[in-house]
Amino acid sequence: MFLKLQNTILEMIATGHPLAETVDRLCREVEAISDDVVCSVLLLDDERRLRHLAGPSLPLEYTSAIDGTAIGPGVGSCGTAAHFGEPVLVEDIDTHPYWQPYKGLALPNGLRACWSTPIIGAGKVLGTFAFYYRVTRGPSDAEKAAVEACVHLCAIAIERDQRIAERRKLAETDNLTGLPNRSRFNETIDDVSRRGQDWALMLIDLDNLKMVNDTFGHSAGDDLIRIVAHRLQDRAPAEMTFRLGGDEFAVIVPCLEATDPTELAEALIQRIKEPADCAGHLIYPAATLGGAKAGLERSPQQVRQNADYALYHAKERARGRYLEYAPGLGTSIVKRFRAVQEVDRALREDRIDAHYQPIVELATGRIMGFESLCRMKMADGSIVAAAHFQEAMKDAHVAIEITERMLERIAAACNEWQRDGLQFSRIGLNLSAADFHRGGLTQRIVDAVSRVGLQPSSIVAEVTESVYLAQKDNVIAEEIRAMREAGIKVALDDFGTGFASLTHLLTVPVDVIKIDKCFVRRLADAGSGSVITKGLLDIARGLGIWVIAEGIEEEGQAEHLLSLDCKAGQGYYFSRPMDRDSVREMLEVSQFHPDWSRILLERERQFLPKVG
């Protein structure tokens with residue numbers, strides 16, 4: 001009969017039944033076989049305390065009272081057996097010294113004797129298997145054989161459960177920090193959301209990891225991540241700190257009655273910013289926090305999204321501080337967040353491409369080159385301009401990714417046009433502040449065009465006035481000088497929309513000024529627009545800078561600019577931005593803009609002297 005029980009238990013272990021269920025079944029079956037026996041199985045935890053696993057016939061008040069008892073000599077039968085790793089038989093609980101502190105728990109529940117045997121596996125004590133008796137006595141020979149078999153079965157079940165737990169722990173643990181990882185975070189936040197308590201979530205981003213990596217190396221960056229992880233763990237609720245990846249961490253506040261998120265956030269910020277030794281370098285860590293409370297909408301996905309919005313806003317407006325989500329927190333943040341997600345998806349699905357708008361020499365109609373403009377292909381096949389996802393471009397990572405993609409597209413298109421023998425001069429590439437502050441911008445452009453056999457001089461780096469003026473730490477000014485030295489032309493875009501002083505052009509020279517379309521629109525305004533534009537043209541000419549007028553939409557504007565001796569222009573009057581196949585078709589016909597060239601020819605004929 002016992003052989004059948006043994007096979008039943010082994011089958012439960014092999015088929016993955018929960019440990020508690022398996023051992024409970026074992027205890028019930030043994031109690032049914034043996035008269036006057038009450039079974040108990042306790043586990044030994046990492047702190048060498050006994051934890052209740054199974055005892056189907058033991059009263060709840062008894063199992064609760066002994067749960068968590070530290071083992072040691074003289075700690076009842078089980079505590080002593082676990083301590084020494086040897087069986088302990090107490091035939092009379094009432095009189096035995098091991099039980100004096102505990103007999104007040106056992107005797108009222110009818111437990112008169114206790115025989116405990118350690119469960120040993122892999123050379124260590126895993127727990128104890130005990131028989132309680134309702135009379136003062138020791139085990140029979142049959143009970144000794146049963147216990148020997150039961151202890152062996154328990155050891156198999158516990159070891160298997162621990163191996164599974166260890167594998168799961170490894171799968172859910174971040175290797176660098178030892179914190180629970182994103183997988184464990186997802187499970188925990190789902191569990192917390194089901195408890196019915198008010199809870200909150202904080203997301204934490206390190207502010208200076210990239211700088212540490214770039215300056216001191218990745219070993220210092222890894223040390224920084226580890227140190228911050230441990231500091232978060234010190235202050236946060238137990239087992240509620242997670243590393244989500246990279247420089248992003250999460251802290252779950254499972255009960256708002258016990259912990260105020262704002263106070264915790266302040267404590268975390270103060271702890272994080274303490275000096276840290278990272279690979280021998282003294283670093284002052286900093287982090288930005290965004291948080292959200294679970295309100296009426298308790299969905300973990302919604303709370304996570306709200307915390308993301310808060311963190312995003314904090315990184316924009318309150319770097320180094322904590323910001324908590326509130327309803328209506330920056331509709332623009334939500335808009336930008338969605339735009340970033342949309343652009344990220346488009347980049348992954350290869351739906352970001354370059355279109356090209358011709359730049360026309362006003363005096364001759366010759367197509368001098370093109371400005372490349374970013375376009376996104378939507379799911380329905382429609383093409384949208386960069387204005388549609390302008391919010392996303394404010395995100396540094398997105399801006400850098402877009403520039404990389406545009407460089408690839410421009411280089412491929414130019415290579416194709418050259419191979420086909422088509423004549424063009426230069427292609428304009430729009431750059432963001434993030435491109436400059438990333439570092440190595442000039443080399444990246446040179447490398448991209450060199451790979452397809454182009455010269456750096458085929459690229460015009462277009463820098464907006466706002467970026468040009470933000471010459472913090474001379475990063476942008478030095479990069480502009482480096483580009484010009486490498487042969488890359490530099491154009492100051494949207495000139496006149498900000499507060500650029502022409503004196504800036506003396507300290508950080510550029511090759512081209514692109515007059516903003518607002519001046520072009522005002523050319524007909526009682527002379528004022530024309531006077532300002534003429535003044536800009538005269539000064540630029542004196543400095544040896546080419547001027548291109550943007551936003552030309554009418555023939556009259558083009559003629560007025562030509563009369564002011566403006567060198568070149570672009571706009572819908574000449575052409576809307578087009579894909580590279582359309583550019584090829586246009587250049588195969590002529591290097592000159594057909595309509596404008598025709599107008600110039602007619603003008604020329606009007607002024608030719610009549611013969612005869």
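This passage walks through two strand regions and a surface patch of a predicted model.

A convenient place to begin is the open sheet of 5 strands, whose order is β8-β9-β7-β12-β13 and whose pairing is mixed. Its edges are formed by β8 (241-245) and β13 (322-324), each of which pairs on one side only. From one strand to the next, the twist averages 20 degrees. At the β13 edge, the neighbouring strand is β12, which covers residues 287-293 and runs parallel to β13, with 3 bridges joining the two. For readers who wish to find this pairing on screen, G290 is a handy marker, as its bridge partner in β13 is L323.

The other edge strand, β8, contains R243. Is this arginine, R243, buried or exposed? Its relative accessible area is 11%, and R243 therefore counts as buried, since the cut-off for that class is under 20%. The side chain of R243 also has a polar atom 2.9 Å from the backbone oxygen of G246.

Attention now turns to strand β6, which spans residues 124-133 and is mostly covered, with 8 of its 10 residues buried. Which strands pair with β6? One is β1 (residues 37-44), which is antiparallel to β6 and linked to it by 7 bridges. Within this pairing, V38 stands opposite Y132 of β6. Another is β5 (residues 113-121), also antiparallel to β6, here over 9 bridges. In this case T117 faces F129 of β6 across the pairing. In a regular strand, side chains alternate between the two faces of the sheet.

Strands β5 and β6 also make up a hairpin, with 2 residues between the strands. The backbone in this hairpin has a feature worth a look in a torsion plot: A122 adopts a positive phi near 55 degrees.

Finally, the surface deserves a visit. A nonpolar patch is formed there by L506, I539 and L543, and together these residues have about 270 Å² of accessible area. Of these, L543 belongs to helix α20, which comprises residues 528-543. How is L543 classed by accessibility? With a relative accessibility of 38%, L543 is partly exposed, because that class lies between the buried limit of under 20% and the exposed limit of over 50%. The 38% of L543 also satisfies the requirement that patch residues have over 30% relative accessible area.

Key
Residues numbered from 1 in each chain as written. Predicted model: local features only at pLDDT ≥ 70, side-chain atom pairs only at ≥ 80, totals over all residues. Heavy atoms only, no water. Patch = residues over 30% accessible without salt bridge, like charges linked within 9 Å, V, L, I, M, F, W, Y side chains within 5 Å. Areas by Shrake-Rupley, 256 points an atom, 1.4 Å probe, with all protein chains shown as cover. Salt bridge = Lys/Arg side-chain N within 4 Å of Asp/Glu carboxyl O. Helix = DSSP H or I, 4+ residues; strand = E, 2+ residues; numbered from the N terminus. Buried < 20%, exposed > 50% of the residue type's maximum accessible area, 1.4 Å probe, protein only. Pairing = 2+ DSSP bridges. Axes fitted to C-alpha atoms, helices over the stretch in contact; angles between N-to-C directions. Polar contact = N/O pair within 3.5 Å; in protein donor to acceptor, adjacent residues only side chain to side chain.
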